[in-house]
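Got your viewer open and a selection box ready? Here is a walk through one model, stop by stop.

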Amino acid sequence: MHPLPAINYLAVLVAAIVIFVLGGLWYSPALFAKRWIALQNRTEEQMRAQAAASNMPLMYLAAFVCAFLQAWVMSGVIAHVGAGNSIGIHGGAVLGAFLWLGFVASTSYATALFSGKPKQLWLIDSLYNLFSFMLAGAILAVWR
């Protein structure tokens, strides 16, 4: 087993795009934007003002780089776990959920316990991460 296995960068790119698009949908008015904003004790006007005052293109670029990094690392994990055989779409989704539970949910929840923020806010954010990990895991497990 090589420390850095061969990576299918096209699959990583596609998984990163899926993660990024899911984030746009997840935090849109179609899904959780209104509740997410309210749980932060903010208004939509305050969020728009913050967006206008910040460098949104740079923030979106940073979010995409994070999605790419997530997919790249997951691709390496899948290559090690599935070395010599295919784990399939279901196995990739399960592995994504397993990684989420062990690394994302556990660490972010421990932080949320002390933040004083509503647990529903953690739930919205964390479930986005769960779905993104599962989708990326499914894509990367099938397209190696």
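We go from the whole chain to its core, and then out to a few single residues.

**The whole chain**

Before selecting anything, bear in mind that this is a predicted model. Switch on the cartoon view and you get 6 helices and 0 strands, so to speak an α-α-α-α-α-α pattern when read along the sequence. Turn the chain along its principal axes, and the C-alpha atoms fill a box of roughly 50 × 30 × 25 Å.

Now put a surface on it. The protein chain exposes about 8700 Å², with carbon and sulfur atoms supplying 73% of that. Of the 144 residues, 33% are buried. If you draw contacts with a separation of 6 or more, 80% of them turn out to join residues 24 or more positions apart.

**Select 88-115: helix α5**

This is α5, a helix of 28 residues. Put a distance between its first and last C-alpha and you should get 38 Å, close to the 40 Å expected at 1.5 Å a residue. Where does α5 bend? Centre on L101: the bend there is about 40°.

Next, colour the buried residues of α5, which are G92, A93, L95, G96, L99, W100, V104, A105 and A112. What do they pack against? Show α4 (56-81) and α6 (119-142), and you have both partners of those buried residues. Before leaving, step just past the end of α5 to G116, which takes a positive phi of about 80°.

**Select M74 and L140: the core**

Time to go inside. The largest nonpolar core holds 28 residues, and M74 and L140 are the ones that touch the most other members. Helices α1 (9-26), α4, α5 and α6 each supply at least two residues of this core. The largest share, 9 residues, comes from α6.

Keep M74 selected and expand to its contacts. Leaving aside neighbours within four places in sequence, M74 is in contact with G96, L99, F133, A136, G137 and L140. Two of these, G96 and L99, are also on the list of buried α5 residues.

**Select V77**

Stay in helix α4, where V77 has its place. Is V77 buried or partly exposed? With 25% relative accessibility, V77 counts as partly exposed, because the buried class stops under 20%. Beyond its neighbours within four places in sequence, V77 is in contact with L95 and L99. Try a distance to L140 as well: the two C-alpha atoms are separated by 10.0 Å, although V77 and L140 are 63 residues apart along the chain.

**Select S126**

Over to helix α6, where you will find S126. This serine is buried, with a relative accessible area of 2%. Which residues does S126 touch, not counting those up to four places away in sequence? Show W100, A105 and S108 as sticks and you have them.

**Select E44, E45 and R48: the salt bridges**

Now for some charge. A search of the whole structure finds 2 salt bridges, and E44, E45 and R48 are linked in a network of them. Side chains of opposite charge can pair when their charged atoms come close. Between E44 and R48, the closest N and O atoms are 3.8 Å apart; between E45 and R48, the N to O distance is 3.4 Å.

Check the spacing along helix α3 (residues 44-53) too. E44 and R48 are 4 residues apart, about one turn of the helix, while E45 and R48 are 3 residues apart, again about one turn. An α-helix has 3.6 residues a turn, so residues three or four places apart point the same way. As for accessibility, E44 is partly exposed at 35% relative accessible area, whereas E45 and R48 are exposed.

**Select N41: the last stop**

Back up a little to the loop between α2 (33-39) and α3, where N41 lies. Is N41 buried or exposed? N41 is exposed, with a relative accessible area of 72%. Then look at its backbone: N41 has a positive phi of about 55° although it is not a glycine. Most residues other than glycine have a negative phi. To compare with the earlier stop after α5, go back to G116 and its positive phi of about 80°.

Notes:
Residues are numbered from 1 along each chain as its sequence is written. This is a predicted model: local features need pLDDT of at least 70, side-chain atom pairs count only at pLDDT 80 or more; totals for chains, interfaces and linings use all residues. Side-chain values use heavy atoms; hydrogens and water are left out. The expected span of a helix is 1.5 Å times one less than its number of residues. The bend at a residue is the angle between axes fitted to the seven residues ending there and the seven starting there. Buried means under 20% relative accessible area, exposed over 50%, partly exposed in between (1.4 Å probe, protein chains only). Contact means heavy atoms within 4.5 Å. Accessible areas come from the Shrake-Rupley method with a 1.4 Å probe; for residues, only the protein chains shown count as cover. A nonpolar core is a set of buried Ala, Val, Leu, Ile, Met, Phe, Trp, Tyr and Cys residues joined through side-chain atoms within 4.5 Å. A salt bridge is a side-chain nitrogen of Lys or Arg within 4 Å of a carboxyl oxygen of Asp or Glu.
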